[in-house]
Amino acid sequence: MIHWLSVLVQTPAHSAVAGPLTYQSELPLAAGSLVRVPFGTREVLGVVWDTLDAASLDRPESEIRAITAVLEGVAPLTQAWRQLVHFAASYYQRSLGEVALAALPPQLRDLSAAQLARRLKRPASGATDNITNTPDLIALSEEQTRAIARFDAETGPFLLFGATGSGKTEVYLRCVQALLERDATAQALVMVPEINLTPQLEALFRARFAGRYGEAAVVSLHSGMTNPQRLKSWLAAHGGVARIVLGTRMAVLASLPRLRLIVVDEEHDPSYKQQEGARYSARDLAVYRGRLEGAKVLLGSATPSLESWHHSRPAAEGGRYQRLEMPSRIGAGGTLPRVRLVDMNLQPKNTVFSPQLLSAIAERVARGEQAMVFLNRRGYAPVLACSSCDWKSECPHCSAYRVFHKIDRTLRCHHCGFTERVPRACPSCGNVDIAPLGRGTERLEEHLAELLTGVRRPDGTALCIARIDADTTRHKGALEYQLAQVHAGEVDVLVGTQMIAKGHDFRRITLVAAVNPDGALFSADFRAPERLFSLLMQAAGRAGRDAAQSAASEMWIQTLHPQHPMFAALRRHDYAAFAAGQLREREQAGLPPFSYAALVRAEARTQEVAQGFLNAASAAASAMEPPLEGYAQVTLFPAVPMTIQRIANVERAQMLIESPSRAALQRFLSAWHAVLQATRQQPGGKGLIRWAVDVDPLAI
Ligand code: ADP
Ligand code: ZN
Ligand code: ZN
């Protein structure tokens, strides 16, 4: 007997074969089974999506090819997982095959059935079971106890609004622990925004749970792992051996058949939003998945996203999340660092470090404490310029400047990667006097070293300045090594980008300084203030984490706008006041979370073509009779160039679509998809390279 199956394979976005393909099989196969199928001239991994009856076939039976093999030993993916993939694909306007296959570990796609079978035979290493030694637990603070009690008693989703250093991680650990003790097969997913925060988290969870549940019970899942490691973790999660999965945004789509708890730490972090392919928000999918699978969802942050904050307003006002508050820092003092603003208008022009800040740093070092200085721009200087003509280090392929990196004397484009040696003289007029404009972390480090020469540590030795940013941590293990040096106290002053402002539990840093955060205050991006506020709060949170020192810790901010209301809120560590102000502005302006938005982006060799395609698709939508579903409730704005309008010689344009109704926006986008696809085939789409939709975009 022949069985007809619809099977998902990896298909390029917007290709003609976007949906499942039909295959035949001699064996009956359950939906969710993994198979190998012929696809063109290749053999690829497929996911059985559904079974079909002969009457519903779209082609003559004789044309339907047979599957090549079944990946035995891997249980079918669950109905809930398939539903999650279905939701993600339709909500974010991508094909099912793309989302489903991208959610599987890459090696699963590459291994033949026989290779996989061999892999599955290898014993899972380190599966030491039931050695019941759980480490002694610290006593919870009152606030932690209360948060956990509410978490147990209520259904959520929960927003754990806890100050930096309030002990949110301990709350996550206890919630996971309670779950595992209550339910012998339950699984928990714990997500963090950055790969480099996973080792620290894994160490914590291992120390707490490996003794009791075995080493194999805790696995990580992120893109920094090798393909064999990822496959191993994925299989452990899929098979239920892994009870705790720690990961970055991609982990939200992992197969976890017994998922009962999802933690999203630093839930406000922009890196939860995927920025290519299916541009999903892992935080939003976590909330959806929790509801779908009956798993409790715990979002945590000291500076929640305004969306989550708004959702956690009182139920009487329409809130849907339960807000758990932990306003105090752990420890004797429990105080948050004092915020000090330096009015840079009172300094000579082009001052980088005010004398007050410098002497405060020097004082800390002399006392044996550590300081951290951050600036959100890496490299030596963002621009190199000629003093006699108007030459600047523009990238020939992008509408952006190439950044000067002094260490290897290169000009590097941070958008397309184009790199050249720094010219000896101005390429335009031959003048040898070309100079860096502005300043990045590399230059800041150099400058600070000059200013602090002569400053000694308590033991009389010279001070040590180190820099941590994407440039110094390019090599594997470099970041761990550098962080270890900081922790060991070998570094006195740490200079870096926002990479150092997030998450790390530095014990001896008592002073944090933002030397020039003004850029974001007047940005065109409506989310810029929110991001800056949270970055500064996060950064402040690095200071004084050791209770003994917290009373004296400080956050310094140099600004030309000390009167800005954001700084007033920051000074009082008053996220709620800041959020209330922002939400009022957003409501008046009709911005998210009071409206819903999507962007359609188009890329072409010229702006004209890119914008033309979008405007043509918009015109086509407005001419439809009857109107497209949802059309009456959406606003389509004219196409505009993107902020960085050209990258690697490709012109980029975007169109904003807005609606007061999420459902209407969804209906419209689904219906409009075919129109966009058709426009591409018509004169309006000539020369278009690609287009894509970004639902709930982070930047507009
Ligand atoms: P957050 O994530 O909220 O910024 P952490 O979870 O990093 O804070 O906790 C800050 C520090 O306080 C950590 O070193 C942690 O081990 C410690 N800590 C957490 N809870 C307690 C507690 N109940 N008693 C003592 N120390 C605690
Ligand atoms: Zn010149
Ligand atoms: Zn470039």
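## Worked exercises: two zinc sites and two open sheets

The protein donors of the zinc ion (ligand 2) are Cys386 (SG), Cys389 (SG), Cys426 (SG) and Cys429 (SG), and they lie 2.2 to 2.4 Å from the ion. Keep in mind as you work that this is a predicted model.

### Exercise 1: the zinc ion (ligand 2)

Task: Work out which arrangement the 4 donor atoms around the zinc ion (ligand 2) make, and which parts of the chain the site ties together.

Solution.

Step 1. Start with the angles: the 4 donor atoms subtend 105 to 114° at the zinc ion (ligand 2). Four donors count as tetrahedral if all angles lie between 85 and 135 degrees, so this arrangement is tetrahedral. For comparison, the ideal angle for four tetrahedral donors is 109.5 degrees.

Step 2. Next, look at the sequence, where the donor residues follow the spacing C-x2-C-x36-C-x2-C. Cys386 belongs to strand β15, while Cys429 sits in the loop between β18 and β19 (434–437), so this pair ties together parts that are 43 residues apart in sequence.

Step 3. Finally, check how covered these two residues are. Cys386 has a relative accessible area of 8% and is buried, whereas Cys429, at 39%, counts as partly exposed.

### Exercise 2: the zinc ion (ligand 3)

Task: Find the protein donors of the zinc ion (ligand 3), then describe their arrangement and their spacing in sequence.

Solution.

Step 1. Four SG atoms serve as donors, from Cys395, Cys398, Cys413 and Cys416, at 2.2 to 2.3 Å from the zinc ion (ligand 3).

Step 2. The angles between these 4 donor atoms are 106 to 112°, which makes the arrangement tetrahedral.

Step 3. The donor residues are spaced C-x2-C-x14-C-x2-C. Cys395 is in the loop between β15 (383–386) and β16 (403–405), and Cys413 is in the loop between β17 (410–412) and β18 (419–421), so the pair ties together parts 18 residues apart in sequence.

Step 4. Cys395 and Cys413 are both buried.

### Exercise 3: the sheet with β14

Task: Give the order of the 6 strands in the open sheet that includes β14, and say which strands stand at the edges.

Solution.

Step 1. The order is β13-β23-β22-β14-β21-β20, and the pairing is parallel.

Step 2. β13 (338–343) and β20 (465–468) each have a single partner strand, so one side of each is left without a neighbour in the sheet. The twist averages 20° from one strand to the next.

Step 3. Now follow β14 to its partners. β14 runs parallel to β22, joined by 5 bridges, and it pairs with β21 in the parallel sense over 4 bridges. Ala371 stands opposite Leu511 in β22 and opposite Val493 in β21.

Step 4. Check the faces of β14: Gln370, Met372 and Phe374 are buried on one side, and Ala371 and Val373 are buried on the other.

Step 5. Move to the edge strand β20, which is joined to the parallel strand β21 (residues 493–496) by 4 bridges. There, Arg467 has Val495 of β21 as its bridge partner.

Step 6. Add the helices. Helix α11 (residues 355–366) packs on the sheet and touches β13, β14 (370–374), β21, β22 (509–514) and β23 (554–559), with its direction at about 160° to that of β22. Helix α12 (residues 441–451) also packs on the sheet, touching β14, β20 and β21, and its direction makes about 175° with that of β20.

### Exercise 4: the sheet with β8

Task: Trace the open sheet of 7 strands and find its edge strands.

Solution.

Step 1. The strands follow the order β8-β9-β7-β10-β11-β6-β12, with parallel pairing.

Step 2. β8 (218–221) and β12 (322–326) are the edge strands, each pairing on one side only.

Step 3. β8 runs parallel to β9 (residues 244–247), and 4 bridges join the two. Leu221 has Gly247 as its bridge partner in β9.

Step 4. Helix α8 (residues 227–239) lies across β7 (187–191), β8 and β9, at about 125° to β8. Helix α9 (residues 282–293) lies across β7, β10 (259–265) and β11 (296–301), at about 160° to β10.

### Exercise 5: helix α6

Task: Compare the expected and modelled span of helix α6 (residues 168–182), then say how covered the helix is.

Solution.

Step 1. At 1.5 Å a residue, the 15 residues of α6 should span 21 Å, and the end C-alpha atoms are 21 Å apart, which agrees.

Step 2. α6 is mostly covered, with 11 of its 15 residues buried. Among them are Tyr172, Leu173, Cys175 and Leu180.

Methods: Residues numbered from 1 in each chain as written. Chains lettered and ligands numbered in written order. Predicted model: local features only at pLDDT ≥ 70, side-chain atom pairs only at ≥ 80, totals over all residues. Heavy atoms only, no water. Donors = N, O, S within 2.8 Å, 3.2 Å for Na, K, Ca; no water. Tetrahedral: all angles 85-135°; square planar, octahedral: opposite > 155°, others 65-115°. Buried < 20%, exposed > 50% of the residue type's maximum accessible area, 1.4 Å probe, protein only. Expected span 1.5 Å × (residues − 1). Pairing = 2+ DSSP bridges. Axes fitted to C-alpha atoms, helices over the stretch in contact; angles between N-to-C directions. Contact = heavy atoms within 4.5 Å.
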